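Q: Please take a close look at one part of this model. I would like to see how a charged side chain sits in its surroundings, and what the rest of the chain looks like around it.

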Protein chains: 2
Amino acid sequence: MWITYPGDFEIWLGNKFNNRRTERGAMFPPFWKQDSHYVTVEFSTTVNLEEAEEVEILCEGKFNLMLDGKLQFGMPEHFTVPAGEHKLNLKVWNQATPPALYIKGKTIVTDSSWLATYEDKIWIDENGIAHGSGIYVPAATSKYFQTKEQRPSEFALATEPLMPVSKERVGEGTLYDFGKETMGLLSVGNSKDKGLVEVYYGESREEALDKDYCETLDKFETKDFTPVILDSKAFRYVYVECAGGVEELDVYAFYEYLEQDMALGGAFECSDSELNRIWEVGAYTMDLTTREFMMDGIKRDRWTWSGDAIQSYLMNYYLRFDFECVKRTIRQLRGKDPVTAHINTIMDYTFYWFKSVLDYYEYTADTAFVREMWARMKTLMDYVLGRLDEEGLAEGQPDDWIFVDWVDFPMHKRGVMCFEQILLAKALETMKVCAELLGEEIDAEKYATLYKNVRLKTDEHFWNEDKKAYLHSIEDGQLNEMITKFPNMFAILFGYADGRRSKEIMENVMLNPDVEAITTPYMRFYELEALCQMGLHDYVMGEMKSYWGGMLKEGATSFWEKYVPTEQGTQHLQMYGRPYGKSLCHAWGASPVYLLGKYYLGIKPTKPGYQEWECRPHLGGLEWMKGRVPTPFGPISLEMNKEEITIQSPVIGGKLYVGDKCIDINTTEKIQVGLK
Amino acid sequence: MWITYPGDFEIWLGNKFNNRRTERGAMFPPFWKQDSHYVTVEFSTTVNLEEAEEVEILCEGKFNLMLDGKLQFGMPEHFTVPAGEHKLNLKVWNQATPPALYIKGKTIVTDSSWLATYEDKIWIDENGIAHGSGIYVPAATSKYFQTKEQRPSEFALATEPLMPVSKERVGEGTLYDFGKETMGLLSVGNSKDKGLVEVYYGESREEALDKDYCETLDKFETKDFTPVILDSKAFRYVYVECAGGVEELDVYAFYEYLEQDMALGGAFECSDSELNRIWEVGAYTMDLTTREFMMDGIKRDRWTWSGDAIQSYLMNYYLRFDFECVKRTIRQLRGKDPVTAHINTIMDYTFYWFKSVLDYYEYTADTAFVREMWARMKTLMDYVLGRLDEEGLAEGQPDDWIFVDWVDFPMHKRGVMCFEQILLAKALETMKVCAELLGEEIDAEKYATLYKNVRLKTDEHFWNEDKKAYLHSIEDGQLNEMITKFPNMFAILFGYADGRRSKEIMENVMLNPDVEAITTPYMRFYELEALCQMGLHDYVMGEMKSYWGGMLKEGATSFWEKYVPTEQGTQHLQMYGRPYGKSLCHAWGASPVYLLGKYYLGIKPTKPGYQEWECRPHLGGLEWMKGRVPTPFGPISLEMNKEEITIQSPVIGGKLYVGDKCIDINTTEKIQVGLK
């Protein structure tokens, strides 16, 4: 297989990915630092051969080969390693794409047992003696780079042709409807005349027909009769005009997607057809936004955003369990040192990034990944710590974006905000847990102390015993006593509010109609999870049906960036002061996929990677439900109706909780449990 | 002109440059981290136009264009900016080569008044309002990128054909002699048969003919009758064999060089023809090693090395005054954050790097460059400070290479070495002076304190009043009382030894035959400068003639990496345990160019950039001498014999010291001063 320096493929691919966004025909790169792969990497191994062995060498980059410290001539495509113990070192230089190496012989193959370094620090003195030492890490591999044809620099998503379901003459052009939200490369061909072709994309019919305000468009001159294949875009509708006046252009798309093994993925079906549709549309929304990386939305921004991504990861653990894509996204978001800004420039997004590593570990038990990320976790945390105030709390600096959520009510995002401290505490808790996991005792102690301090100060400053709620912030030394759901629901979610306090928050905040409602699926994700955690499954079921069902009633074929039920018609398309600014396929819109798997099928790991797990199923008012939750061992299947539960798991060590009963799952055979 | 992000062109070109080294046909990259350019850079300006203006836009990379915050369609080659005040922002993405932009209209041109950032941190809230701010720096320009054809990614040295002066049939092949050391691209053509062509390069005849041990070689299959042009190499001799058995190949070279304006450069001629030849060969050695960057040697390593480069800079101030090449090399050596190792992994080389910035400023008064480097000076010094011991002194860590010099006598390079503390002091002094220059008062105070501490501790620990010398080191708490010239001569050079102590060092160390001799031109540079500083011009003249004259007598056509006068024949070619390991064209071999300009013509700035300067000429035993020393204002010319001195300077503010007289140079006319 091909090997690269860990994280470098992601950083390089991330630049392609994030720079692919366009806005009305203009390239639209991110506004934060983009890093690069290490341009010169050394890969090395030691082999012990019974007989001499010829290996084939493929390389992305110029390279050299050293056998037992002696440089060999040129860049050989084949090389014979003699019998016995030998050291192989190959140095690869590639400025444009990540240095990558593929070696294959009878026994010698490049894999993660090889070491990689970007700085071997080996110097030779005047007597020809080598000195020095670099930092070596296991080389990175990927399921996508197994064969010699699968060159890392040529990584691409799968495509398949996708025809419009209808077309319609409108004005001077033709409107094509692909039947549902999709993402792909449009093919425009068979122009009988030469001339300017204009393509206007729309997630809605209105957008595609609004040439002046649609968010994405393409223009090109047809030069001959070869079909032109355009860069990937998000659309349901495409409106095409051709200056040549040609009536009929041959327009179709190549649907572009990340291949998944559906048989290993999650599933959900139940007695409520609207809920089934919600799950399906949620899954489709996730499949559209799970690509090279997990992106926010397919029309806009098409970037990796840490706060969006952590929800995608969690949904993914209940949908495709594509941990490669999770790792790719975590690596890409982190980038490289030096840290010059918060992730995506947003302070909360940095804190979510830490938690995403812990979440990943809890679902996969992949210690190697935590070890890979540890150095960059520490330097990112150094950046965070370097910006804390005297009390050790996080306050936004002039360069920091404090996001929290898109809110429709007045809410200050300055000073020391309770919401940010709770996320900071989780980030520090993550550092403590990961340090313990890696046996970094001094670090574990350091982060534990910092974590406890933030917990303590947060309670001291923001918990109000009269209002029985966490208050909003301290601004210029003054308490801002506003109450929002944001800090309160995270206090429940992270277990930072104890049982009594959680109940008080439920009454005074979460279920209090005087507290401002959340209008993005982004924060509804956490809101509804907190309610599920507090046992309000029936209530959340109703919320899911009214909120996500509400989008379906508006004709959604994928879930949106924001949904305000009281809005009407094209109001639903607006955002950022632009008539079609809102993304209609936004990953954070898909949370029912997560909620249904974790809180209705009720399955989650209780030890990392499902070494132990539990199932606490809830019908939430449904007649019956059945589904699957993926694990590293394969999916756990569950069927439940009011009479009985049937569960089958490829991994033992589970506990099924039914009422006040707990049943140990000690078999991979099907288990039936009566409920009466 | 083209604009780029400051330092990025150098980092990118440096990777090409440093990875071009080969050893017997194998690529040989450095063993330290290679950085990359920022792949996405935003360039911006504000214009105020009386009338609308069309501009031409050329770009290396994909780009977008924003007018007054509004993105424009596509990547326009021409764009009309309306009359009035407007803000132009262009974001350029290029992974393979540095993002570069060229805009030209009637009044609008890209130049250093444009701003550049790699992270604009400008985000847009839900209402479409832009927030945030990045760090902006003046865009980089270069004399090489003035016209639209001069694309930064296509930067190349000049070439001209160079014919061998003789050829000779040897064994199965032909030996070509180019008459002197040179560097260029060999052209091999007109093969009558197809087959394998083998090319062996030699700085010496012996090397070219030693197919098994010559340091560089090329092998290729001729496919047709087109001449093959090989990658640049260093050679005087080339031995070519052709498996096709062809008697006569058409072999010549393209001499490759950095163009210089010789009329503005330094010159030296005198009554001693051997000294004239020393100056000429020194100048040629410098011209061969002054290229994209200042390299150590043209055969090996062909890399930028900080300790070598600082001498090249100093020689260059007396030869070509190519401050662009100095800046390129300083930027390239520094690379980017994070600092993961000393420059070239060598602790002394990090310290020299700091001093090189101060030297550059003293010769050019280019505050803008100091400002450009300041952030990276600080982070590099943070790295240094983070590795100091409890006393604030520098001791080599396991990863650090302590170079000092190639020495032939036993010398420990461990513990707290006096030599390294003196260089550290100079580095801290540089930080203090640059902080003052930039008005960074807090930093200036901080570095002044650190500097004084190192000076104090160095004197306390290492100055020995009995031996009247600085001792070698403290190893494991024990004083190593060895005496070498290294720390002692730097104490004189940097003015850290006062007048009395300097004299003591001269007697007890520098002129003491029991102290081990220096055998590299590298440290002879500083040794002879210290002797000049102490007024021993006649003695140094003798040393120059015997040492550099000695190399000439051995047939040198450029100066060597190392010269031990007692060695014989092919011993002179050996180093690093390899028969031709020694570089016969090594920049640090050219120091007479510097010494003759600074201490015999005697000219140097006394205020930065020759705002004030002095001339203290010394014949050093010569009958007469004449020459030129370049300055930012053009060269100062001097002629001197035993009767009179004639001096002419394009800049006033000089002081000519003759005997005990001091004459103010207050005219740009020629001045004659009698010596009797």
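**A charged residue under cover**

A: Start with the chain as a whole. Of the 676 residues in chain A, 63% are buried. The model is a predicted one. Chain A holds 14 helices and 36 strands. Its radius of gyration is 27 Å, close to the 26 Å from the globule rule for 676 residues, so chain A is as compact as a globular protein of that length. Along the principal axes, the C-alpha atoms of chain A fill a box of roughly 80 × 70 × 60 Å.

Contacts come next. Take those in chain A between residues at least 6 apart in sequence: 71% of them join residues at least 24 apart. The exposed area of chain A is about 25200 Å², and carbon and sulfur atoms supply 49% of it. Chain A carries 73 positive and 106 negative charges, and the mean positions of the two sets lie 1 Å apart.

Now the charged residue. A:Arg376 belongs to helix 7 of chain A, which spans residues 367-385. A:Arg376 is buried, yet it has no salt bridge. Why does A:Asp8, the nearest side chain of opposite charge, not make a salt bridge with A:Arg376? A:Asp8 is 5.0 Å away. A salt bridge needs a side-chain nitrogen of Lys or Arg within 4 Å of a carboxyl oxygen of Asp or Glu, so this pair does not count.

What does A:Arg376 touch, leaving out residues up to four places away in sequence? Its contacts are A:Tyr5, A:Pro6, A:Ile11, A:Tyr38, A:Arg334, A:Gly335 and A:Lys336. Two of these, A:Arg334 and A:Lys336, count as positive.

A second buried residue in chain A is A:Asn316, with a relative accessible area of 1%. It is placed in helix 4, residues 306-317. Beyond residues up to four places away in sequence, A:Asn316 touches A:Met286, A:Met294, A:Phe321, A:Asp322, A:Phe323 and A:Val326. The C-alpha atom of A:Val165, 151 residues away along the chain, is separated from that of A:Asn316 by 30 Å.

Finally, chain B. Helix 1 of chain B, residues 8-18, is mostly covered, with 10 of its 11 residues buried. Among the buried ones are B:Asp8, B:Glu10, B:Trp12 and B:Phe17. The buried residues of this helix pack against helix 5 (323-334) and helix 7 (367-385) of chain B. They also pack against strand 9 (84-93) of chain A.

Conventions: Residues numbered from 1 in each chain as written. Chains lettered and ligands numbered in written order. Heavy atoms only, no water. Helix = DSSP H or I, 4+ residues; strand = E, 2+ residues; numbered from the N terminus. Buried < 20%, exposed > 50% of the residue type's maximum accessible area, 1.4 Å probe, protein only. Contact = heavy atoms within 4.5 Å. Rg over C-alpha atoms; globule rule 2.2 N^0.38 Å. Areas by Shrake-Rupley, 256 points an atom, 1.4 Å probe, with all protein chains shown as cover. Charge placed at Lys NZ, Arg CZ, Asp CG, Glu CD.
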